[in-house]
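Me: Could you walk me through this structure, one question at a time?

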Amino acid sequence: MFQGGTKNLHEENSQWYFKPKNVDVLILSHAHIDHSGRIPKLVNDGFAGDIYCTHATRSLCAIMLLDSAKIQERDAEYYNKRQLKKKKRKRKALREPLYISSDIPKTMSNFIGCSYERWIRINNNVEICFKDAGHILGSASVNLRINENGKNKTIGFTGDIGRPDRPILRDPKPMFPADYVISESTYGDKEHESGPQQSEKFLEIIKETCLNKKGKLIIPAFSVGRTQEIVYMLDKMESAGILPKIPVYVDSPLSVNATTVFGSHPECYDNELNEYLLIDDNPFGFNDLNYIRSVDGSKALNASKEPAIIISSSGMMNAGRIQHHMYNNIENPNNTFLIVGYCSPDTPGGMLRNGVEAIKVFGEWKIVKAEIKIMDSFSAHGDRKEMYQFLKNQESSAKKVFLVHGEQDTQMKFKSYLQDKGFQNIFIPALGETIEL
Ligand SMILES: [Zn+2]
């Protein structure tokens with residue numbers, strides 16, 4: 001699913017470059033909505049095959065696609081209302097949502113959950129194997145063995161490549177050496193700053209805001225992944241007896257549901273978390289932690305003057321309940337907004353990152369008096385070094401490497417980076433291009 005960066009978002013998301021009914025099987029690397037968001041539309045438009053992914057990806061898709069359907073419904077309603085207010089000749093055609101909530105059960109019935117590292121035969125000629133990509137819960141690379149007219153071919157698709165030494169998740173595991181490699185390239189021109197003492201810095205910000213200034217610490221965070229990492233970090237501080245006694249709130253229905261899914265997929269945890277489970281059976285819950293689903297509960301937070309930590313979505317602050325927290329708290333110098341992830345520059349999160357002095361929320365200008373802090377060490381995407389580490393065992397086997405999932409300019413830079421490391425035959429396919437192997 002396209003999510004911004006293009007003007008014709010609705011048109012881009014409405015069309016296919018192939019006929020859905022001609023597709024036999026869908027293989028899904030992970031649940032992030034840019035990878036999974038159009039599956040219900042694919043099914044509505046005629047795709048009737050099986051959808052293979054890991055168990056955790058299937059569980060996450062069940063809640064994320066439902067959430068996405070609600071957003072599609074709301075967006076279409078809002079767009080149509082605006083069109084109907086215009087004079088008839090200025091009006092554009094009204095829109096149907098890409099799909100609606102009631103489409104999700106049918107879509108989910110096509111899913112087949114698989115374990116990591118098992119070869120699974122999906123038809124007479126094709127076998128797949130998922131390997132842990134260390135990107136989000138359930139994320140995987142896709143390894144394919146294909147027999148065609150008696151000849152064997154192997155293909156490796158990276159999905160999104162994660163990073164080593166992340167909380168909760170295992171490190172990314174390299175794919176099996178393949179004849180053809182399809183690799184993502186999101187951060188193909190970047191190297192992340194290393195983030196040591198992440199939790200020390202976090203604790204310092206908590207003490208400064210909530211104890212010294214008696215303010216609220218507000219953390220905009222993506223519902224799936226980032227929220228659970230932060231909660232787990234707080235949970236460990238609580239177990240160690242170093243977390244000050246302040247109420248913590250996770251305020252977003254999707255975040256609450258996603259945390260339940262995280263809790264029910266221990267097969268995805270790294271060793272550290274598995275050992276932690278021996279001393280704490282709930283790594284995503286402690287006494288001062290409150291999960292809020294209801295709108296009334298969320299509103300009550302706005303009225304409260306007590307110091308608190310509030311984790312809410314969206315991460316870029318351009319949708320969801322975080323906007324209300326911004327509206328109510330950004331003008332108080334005792335509060336801190338802690339930004340823990342990438343935000344595109346045109347979103348409120350991006351503007352705060354860039355140090356704007358005033359910001360428009362719900363059509364009203366607000367002076368930015370709260371403190372803005374940034375912690376960048378949470379990224380779920382490998383940088384170019386980490387991607388190279390993931391790919392380097394492919395160098396001698398790969399006849400061709402295709403770069404996808406990145407800005408054109410970044411892909412060009414990643415291509416020459418990989419060439420310098422010895423890779424040959426790297427291609428950057430155009431959108432909609434067909435290539436025969
Ligand atoms: Zn992803």
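What follows is a short round of questions and replies.

Me: Before we start, what kind of model is this, and how are residues numbered?
Reply: Local features need pLDDT of at least 70 and side-chain atom pairs count only at pLDDT 80 or more, while totals for chains, interfaces and linings use all residues, since this is a predicted model. Side-chain values use heavy atoms, with hydrogens and water left out, and residues are numbered from 1 along each chain as its sequence is written.

Me: Which residues coordinate the zinc ion?
Reply: Donors here are N, O and S atoms within 2.8 Å of the metal (3.2 Å for Na, K and Ca), and with water not among the atoms, sites may look incomplete. At 2.2 to 2.3 Å, the zinc ion has His30 (NE2), His32 (ND1), His135 (NE2) and Asp160 (OD).

Me: How far apart in sequence are the parts that His30 and His135 tie together?
Reply: Buried means under 20% relative accessible area, exposed over 50% and partly exposed in between (1.4 Å probe, protein chains only). His30 is buried at 0%, and His135 is buried at 2%. His30 sits in the loop between strand S1 (25-27) and helix H2 (33-36), and His135 in the loop between strand S5 (126-132) and strand S6 (140-148), so the pair links parts 105 residues apart. (Helices, H or I with at least four residues, and strands, E with at least two, are DSSP runs numbered from the N terminus.)

Me: Which helix gives the most to the largest nonpolar core?
Reply: A nonpolar core is a set of buried Ala, Val, Leu, Ile, Met, Phe, Trp, Tyr and Cys residues joined through side-chain atoms within 4.5 Å. The largest one has 76 residues, and Leu60 is among those with the most contacts inside it. With seven residues, the top contributor is helix H4 (residues 55-85).

Me: Are H4 and H8 roughly parallel or roughly antiparallel?
Reply: Helix H8 covers residues 253-263, and its axis lies 9 Å from that of H4, at an angle of about 170°. Axes are lines fitted to C-alpha atoms, for helices over the stretch in contact, and angles run from 0 to 180 degrees between N-to-C directions. Under 35 degrees counts as roughly parallel, over 145 as roughly antiparallel, 65 to 115 as roughly perpendicular and the rest as oblique. That makes H4 and H8 roughly antiparallel.

Me: Is Met317 buried or exposed?
Reply: Met317 is in the loop between S12 and H11. Its phi is positive, about 65°, although Met317 is not a glycine. At 0% relative accessibility, Met317 counts as buried.
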